[in-house]
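Here are a few notes to read alongside the model, written with the bench in mind. Please keep the structure open as you go through the points.

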Amino acid sequence: MKLSQFNYKLPQELIAQYPSDNREDCRMMVLHRKTGDIEHENFKQLLSHFSAHDVFVFNDTKVFPARLYGNKEKTGARIEVFLLRELNEELRLWDVLVDPARKIRIGNKLYFGDDSSIVAEVIDNTTSRGRTLRFLYEGEHEEFRRALYALGEAPVPRLIGRESEPEDLERFQCVFARHEGAVTAPTAGMHFSRTMLKRMELADIDAAYLTLHCGLGAFRQTDVEDLTKHKMDSESMFVGAECCRTVNRAKDGGHRVLAVGTTVQRALETCVGPDARIKEFEGWTNKFIFPHYDFSVADAMLSNFQMPYSTLLMLTTAFGNYDYTMHAYQVAMKEGYKFGPYGDVMLIVD
């Protein structure tokens with residue numbers, strides 16, 4: 001497969017600016033991956049496609065307010081700093097992206113907050129845009145984290161086309177989020193309300209949780225035409241014993257497994273063994289899935305409508321059948337479905 005095969009012309013007005021007022025009030029396209037048949041439903045109808053003891057697998061990563069704005073020493077130039085991950089707790093070292101990158105050099109200091117209460121020094125240039133910052137803060141670590149996050153905003157992707165708002169800190173988060181570490185949300189999971197989770201429980205549909213801390217790699221431009229040469233950014237993930245028991249019990253009993261989102265698919269395919277059963281895992285994954293890939297665990301998948309050229313679209317077409325999925329996207333645009341993190345959803349089933 002080539003990069004150019006994942007292009008389509010997406011009108012800007014179809015990129016959702018805001019989520020539905022109620023999480024589960026969105027449209028749902030159902031794609032049958034064996035036949036290409038399409039149905040148009042509402043997300044509230046999701047459970048009608050599943051039976052007792054089927055399993056929904058969720059990513060319970062929690063998004064933190066990763067986007068900050070600081071001022072450069074002397075010039076006062078406004079610099080956007082996007083926190084990626086903490087490298088060293090004791091030394092207050094963070095891996096970050098800065099914009100505009102050309103204005104930042106090793107040794108520069110950045111001041112954050114109206115009172116410049118937090119200061120950071122650039123100590124390394126790791127990539128053309130990436131930097132390592134050392135935050136100069138004397139208090140306890142938890143106190144520092146609270147102060148830093150108080151200055152941040154929700155890392156809503158720029159593709160949405162608007163500035164982040166205070167309400168996005170809650171909007172851009174799954175209701176079951178538990179383990180902090182993501183800089184973008186596992187967006188398919190954002191459609192689930194507490195009411196929907198309760199309805200699952202009443203229908204005896206089981207839930208399993210794993211953690212994959214979503215990075216910005218999914219939104220980075222893929223710059224190679226030959227997809228076999230593309231390298232994914234590594235992301236931290238954890239799959240515990242309880243998740244393994246729940247998923248493997250369903251597989252052993254002939255029940256179906258729904259992967260809620262592309263990150264869950266990548267995590268499941270990272271930790272699966274040759275017997276098609278998943279195993280406990282703690283570490284990093286740079287799993288890149290594109291057509292034609294043979295999935296071992298999930299029987300169904302839920303996904304938002306993804307952007308052109310994105311690795312998320314590549315994974316979706318790998319699961320849903322490339323031709324059927326790309327055709328479904330054309331239908332979705334014609335029918336006015338909303339795309340992106342705050343958009344509508346596609347359910348892919350056999």
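Before the details, please bear in mind that this is a predicted model.

1. Let's begin with His 141. Which residues does it touch, leaving aside those up to four places away in sequence? The partners are Glu 86, Glu 89 and Arg 92. His 141 itself sits in helix H1, which covers residues 141–150. With a relative accessibility of 12%, below the 20% cut-off, His 141 counts as buried.

2. Next, have a look at helix H3, residues 194–202. Its buried residues are Met 196, Leu 197 and Met 200. Viewed down the axis of H3, these buried residues fall within an arc of 100 degrees, so they line one face of the helix. Arg 194 and Leu 202, on the other side of H3, are exposed. As for what the buried residues of H3 pack against, there are two strands: E3 (55–59) and E12 (206–212).

3. Stay with the end of that helix for a moment. Asp 204 comes just after H3, in the loop between H3 and E12. Its phi is near 60 degrees, which is a positive value in a residue other than glycine. Is Asp 204 buried, partly exposed or exposed? Its relative accessible area is 43%, so Asp 204 is partly exposed. For background, most residues other than glycine have a negative phi.

4. Ala 276 is another place to check the backbone. This residue is not a glycine, yet it has a positive phi of about 65 degrees. You will find Ala 276 in the loop between H5 and E15.

5. Two peptide bonds also deserve a look. The bond from Asp 99 to Pro 100 is cis, with omega near 0 degrees. Pro 100 lies in the loop that runs between strand E7 (93–99) and strand E8 (109–112). A cis peptide bond also joins Pro 291 and His 292, where omega is about 5 degrees. His 292 belongs to the loop between strand E15 (281–285) and strand E16 (300–304). As a general reminder, most peptide bonds are trans.

6. Now for Ser 4, in the segment before strand E1 (27–32). How far apart are the C-alpha atoms of Ser 4 and Asp 226? They are separated by 9.3 Å, although the two residues are 222 residues apart along the chain. Not counting residues up to four places away in sequence, Ser 4 touches Glu 225 and Tyr 309. With Glu 225 there is also a polar contact of 2.6 Å between the two side chains. The relative accessible area of Ser 4 is 44%, so this residue is partly exposed.

7. Helix H5 (residues 262–271) is mostly covered, with nine of its ten residues buried. The buried residues include some with polar or charged side chains to look up in the viewer: among those buried in H5 are Thr 262, Gln 265, Arg 266 and Glu 269. 

8. How do H5 and H6 pack? The angle is about 70 degrees, and the axes are 10 Å apart. H5 and H6 are therefore roughly perpendicular to each other, and their crossing is left-handed. The contact is made by Thr 262, Gln 265 and Arg 266 from H5, together with Leu 312, Leu 315, Thr 316 and Phe 319 from H6. Of the H5 residues in this contact, Thr 262, Gln 265 and Arg 266 are also listed as buried.

9. Finally, follow H6 (residues 311–320) to helix H7 (residues 322–334). The axes of H6 and H7 come within 6 Å and cross at roughly 120 degrees. That angle makes H6 oblique to H7. The crossing in which H6 passes H7 is right-handed. On the H6 side, Leu 313, Thr 316, Thr 317 and Gly 320 take part, and they meet Tyr 322, Tyr 324, Thr 325, Met 326 and Tyr 329 in H7. Thr 316 is worth finding in the viewer: it is one of the H6 residues that meet H7, and one of those that make the contact with H5.

How values were computed. Residues are numbered from 1 along each chain as its sequence is written. This is a predicted model: local features need pLDDT of at least 70, side-chain atom pairs count only at pLDDT 80 or more; totals for chains, interfaces and linings use all residues. Side-chain values use heavy atoms; hydrogens and water are left out. Buried means under 20% relative accessible area, exposed over 50%, partly exposed in between (1.4 Å probe, protein chains only). Helices (H or I, at least four residues) and strands (E, at least two) are DSSP runs, numbered from the N terminus. The arc is that of the directions from the helix axis to the C-beta atoms. Contact means heavy atoms within 4.5 Å. A polar contact is a pair of N or O atoms within 3.5 Å; within protein, one must be able to donate a hydrogen and the other to accept it, and residues adjacent in sequence count only if both atoms are side-chain atoms. Axes are lines fitted to C-alpha atoms, for helices over the stretch in contact, and angles run from 0 to 180 degrees between N-to-C directions. Angles under 35 degrees count as roughly parallel, over 145 as roughly antiparallel, 65 to 115 as roughly perpendicular and the rest as oblique. A crossing is left-handed if the near helix is turned anticlockwise from the far one by less than a right angle, and right-handed if clockwise.
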